[in-house]
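Visitor: I'd like to learn how to read a structure like this one, feature by feature. Could you walk me through it?

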Amino acid sequence: MAEKRQSGISYETLMRDLTARKFSPIYILMGDESFYIDKIADYIADHVLLPEERDFNQTVVFGADITGAQVVDLAKGYPMMAEYRVVIVKEAKDMKGADALEKYMEKPVKSTILVLCHKNGTLDRRKKWVGKAETAGVVFESKKLKDYQLSGFISSYLAGRKATIEQKASQMIADHVGADLHRLTSELDKVLISLSANDRRVTPEIVEREIGVSKDFNAFELRNAIINRDIYKSNQIINYFDKNPKSGSLYAFLPLLFSYFENLMVAHYAPNKTNEAELARHLDLRSAWALKDYIVGMRNYTAMKTLQIISKIREIDGKSKGLDNPNTSAGDLMKELIFYILH
């Protein structure tokens, strides 16, 4: 009997079940973060069946090439000399006639594992076939990580490969690469290969060498200089970026600064900003290290100045996209913004 799954199942829980071979007859994998969808689908493709069982019992199709009725026909087949039959529909968003799945979802074949990969968006859970799939199996939503979650992801990814990372090094990678987890893990794998067997700690120097981010002139150091209202250091970094555009650009650090000042505004109006534990909870921060930036920021930037900075960042963002800006370069816009923030 298929176990009813709760909505909101986590990636870790889902993978724990898969590795324990606790399979569901239906997996709907949807959301804006393709990394987790690919990881789950690839695990099912590689581990449910033995290699010699896959020719007759595993089918991988693309949504644009198949209809919902045809998926049902595939799912209703029985395994040949194997315990399971696996049907994986990639790019299921392009599949026509998905409503034809409804009756199958009411009573799925127990020996079939049907996987629908719906990337770049979510299905309407009010659709009958989606609700019935959730009752009979698993509906997993893969969400993009927020900027503040990237350092935790980096540390966890490296810990799973018996490596650790210094906080600054972690932030350097997060700021440089961003929230594309496929690219992020590719860069982390590059760093892991460079580590020796007896020293598995990632330092800013290693990040500088392997990923090409300067340990002194990067988005992390710029953010830190701005938080501390260090005019000299901020201008040093901006001038470095202007001469070395591959090291940092307006487009890379605008979201970073917007996120910081947006949270700083929240901190200014927190119910109990004198209590550090309460303030950390209000900002949904996971470490005292992160909270320090907001305590310093509240000292250096009033709530009114913070609001003005947020407005200026929006203005510069618009100009960087050509709005009311006939010819000002990205470098000059970057200098204009930093001057406005610091003065």
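Guide: Let's start with M80, which is partly exposed at a relative accessible area of 46%. Buried means under 20% relative accessible area, exposed means over 50%, and partly exposed is in between (1.4 Å probe, protein chains only). Before we go on: this is a predicted model, where local features need pLDDT of at least 70 and side-chain atom pairs count only at pLDDT 80 or more, while totals for chains, interfaces and linings use all residues. Residues are numbered from 1 along each chain as its sequence is written, and side-chain values use heavy atoms, with hydrogens and water left out.

Visitor: Where does M80 sit, and which residues form a nonpolar patch with M80?

Guide: M80 is in the loop between α4 (68-75) and β3 (85-90). Helices (H or I, at least four residues) and strands (E, at least two) are DSSP runs, numbered from the N terminus. On the surface, M80 joins F56 and M81 in a nonpolar patch with about 410 Å² of accessible area together. Patches take residues with over 30% relative accessible area and no salt bridge, joining like charges within 9 Å and nonpolar side chains (Val, Leu, Ile, Met, Phe, Trp, Tyr) within 5 Å. The areas come from the Shrake-Rupley method with a 1.4 Å probe, and for residues only the protein chains shown count as cover.

Visitor: Now the sheet. In what order do the strands come?

Guide: The general idea is that strands of a sheet pair through backbone hydrogen bonds, either parallel or antiparallel. Here 5 strands make an open sheet in the order β2-β3-β4-β1-β5, with parallel pairing. β2 (58-62) and β5 (138-142) are at the edges with a single partner strand each, so one side of each has no neighbour in the sheet. On average, neighbouring strands of this sheet are turned by 15 degrees against each other, direction ignored. Two strands count as paired if DSSP finds at least two bridges between them.

Visitor: How many bridges join β2 to β3?

Guide: There are 5, and the two strands run parallel. Q58 has V86 in β3 as its bridge partner, and T59 stands opposite V87 in β3. As for burial, 5 of the 6 residues of β3 are buried, so β3 is largely enclosed by the rest of the structure.

Visitor: Which helices lie across these strands?

Guide: Helix α2 (residues 34-47) lies across β1 (26-31), β2, β3, β4 (112-119) and β5, at about 160 degrees to β4. α4 lies across β2, β3 and β4, and runs at about 160 degrees to β3. For the angles, axes are lines fitted to C-alpha atoms, for helices over the stretch in contact, and values run from 0 to 180 degrees between N-to-C directions. Contact means heavy atoms within 4.5 Å.

Visitor: Which residues of α6 are buried, and what covers them?

Guide: A useful rule first: an α-helix has 3.6 residues a turn, so residues three or four places apart point the same way. In helix α6 (residues 128-136), the buried residues are W129, V130, A133, E134 and A136. Their cover includes β1, α5 (102-106), β4 and β5.

Visitor: E134 is a charged residue in that list. What does E134 form a salt bridge with?

Guide: A salt bridge puts a side-chain nitrogen of Lys or Arg within 4 Å of a carboxyl oxygen of Asp or Glu. By this rule the count comes to 21. E134 pairs with R125, the closest N and O atoms being 2.8 Å apart. E134 is buried at 14% relative accessible area, whereas R125 is partly exposed at 32%. R125 also meets E141 in a salt bridge (3.8 Å, N to O). R125 is in the loop between β4 and α6 and E141 is in strand β5, so this pair ties together parts 16 residues apart in sequence.

Visitor: Which salt bridge links distant parts of the chain?

Guide: Try K335 and D242, whose closest N and O atoms are 2.9 Å apart. K335 is in helix α17 and D242 in helix α12 (residues 231-243), 93 residues apart. K335 is partly exposed at 32%, and so is D242 at 36%.

Visitor: And L337, buried or exposed?

Guide: L337 is buried, with a relative accessible area of 0%. L337 lies in helix α17 (residues 330-342). Not counting residues up to four places away in sequence, L337 touches F253, L254, L257, K312, I313 and I316.
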